[in-house]
Amino acid sequence: MIPQQIEPVSALEATYKAREVEGVLDLYFFRPVGFRLARFFAKMNMAPAGVTLLACLFGIIAGHLFYYRDLRTNVVGMALLVFANALDNADGQLARLTHRQSREGRIVDSLADHLVFVSIYIHLTLRYLIAGASPAILLLALAAGISHALQGAAADYYRTTYLYFATNRSRMELDSSSLLRSNFRSLTWHHQPWHKFLLVLYLNFTRQQEMLSPNLRKVREAGGQLFGGQIPIWLKSRYKSLAGPALKWWGLLMTNIRMLVLFALLFISQPIWYFWFELIALNALLVYLIIRQEDMADSLLEVAVRWRHSA
């Protein structure tokens, strides 16, 4: 019998979190472009955090350009936002390429992503207020922004849990609010103000995730308690078969779909509908996915408990 040949992972694919959690646009555009940028920044000896800040700067400027009711100016903003997204891919790829992944890097990256969309929301709101829109648009934008934050938190929680249980590409530590709270208390504002500030942001983010997905939180905790982080093959296979089909739907709650919808609405000078897209379409999808995810997590938890009793 001829042994099966295992194809080596390409240098590009080695910088993915995992191929199955990458969207189509990421796989065929943002990841290849980000990889080239990452290699360039590696030669320049630039830190991943520096690339994150650069992406944030371009994204904030892009948000400002959406304030103007001039399509050419908006198109420049679109180009800058695409470049910012490529840089946002590059910072993580650079971290994996140079083995400089860290919790602090993930927090700064998440904070930068939020600041980019805060700029977009603020400038779209000002665009309509200056044109004489009702002040009620402030409430609309705020509700859409909160929805955006919750959708992103839930999607991130689902993806990181999938990486932990279903792939060999990531053995990252799964942070919990209890662990982060302990870490937070061990720091002092006097000696480590920056680290403590980042940790309080991350702690609040993790609390949101756990609040939205209590059953999935229990599954994550069970993975550590029952298996010590070494997920058995049978559970990995079961998790992958149950969770894998929903990945493409969770991907719709990430940056790319928002960006494409925003661009389409800017081309027809109706970006206000972007807020309604967040509030109605994406929130409906979020509710559906959370219900589906929690049912899946509950069934996995039952299997894990039965395994513990029979072991």
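Reader: How are α5 and α7 oriented to each other: roughly parallel or roughly perpendicular?

Author: Happy to help! This is a predicted model. To read a helix pair, start with the angle between the axes; 65 to 115 degrees counts as roughly perpendicular. Here α5 (residues 136-166) and α7 (residues 193-212) pack at an angle of about 80°, their axes 9 Å apart. The two helices are therefore roughly perpendicular.

Reader: Which residues of α5 and α7 make the contact?

Author: From α5 come A149, L150, A153, A154, D156 and Y157, and α7 supplies F205, Q208, Q209, E210 and L212. Sorted by class, the contact of α5 with α7 has seven nonpolar, two polar and two charged residues.

Reader: At what angle do α4 and α7 pack?

Author: The same reading works again. Helix α4 (residues 103-130) packs on α7 at about 65°, with 10 Å between the axes, so α4 and α7 are roughly perpendicular too. The crossing of α4 past α7 is left-handed. On the α4 side, the contact includes R103, E104 and L111, while W194, H195 and Y202 are among the residues from α7. This contact of α4 with α7 divides into eight nonpolar, three charged and one polar.

Reader: Back on α5, is T160 buried or exposed?

Author: For a single residue, look at the relative accessible area; under 20% means buried. T160, which lies in α5, has 16%, so T160 is buried.

Reader: What does the side chain of T160 join in a polar contact?

Author: The partner is the side chain of R220, at 3.3 Å. A polar atom of the T160 side chain also lies 3.2 Å from the backbone oxygen of Y157.

How values were computed:
Residues numbered from 1 in each chain as written. Predicted model: local features only at pLDDT ≥ 70, side-chain atom pairs only at ≥ 80, totals over all residues. Heavy atoms only, no water. Helix = DSSP H or I, 4+ residues; strand = E, 2+ residues; numbered from the N terminus. Buried < 20%, exposed > 50% of the residue type's maximum accessible area, 1.4 Å probe, protein only. Polar contact = N/O pair within 3.5 Å; in protein donor to acceptor, adjacent residues only side chain to side chain. Axes fitted to C-alpha atoms, helices over the stretch in contact; angles between N-to-C directions. Parallel < 35°, antiparallel > 145°, perpendicular 65-115°, else oblique. Contact = heavy atoms within 4.5 Å. Nonpolar A, V, L, I, M, F, W, Y, C, P; charged D, E, K, R; others polar. Left-handed = near helix turned anticlockwise from the far one by under 90°.
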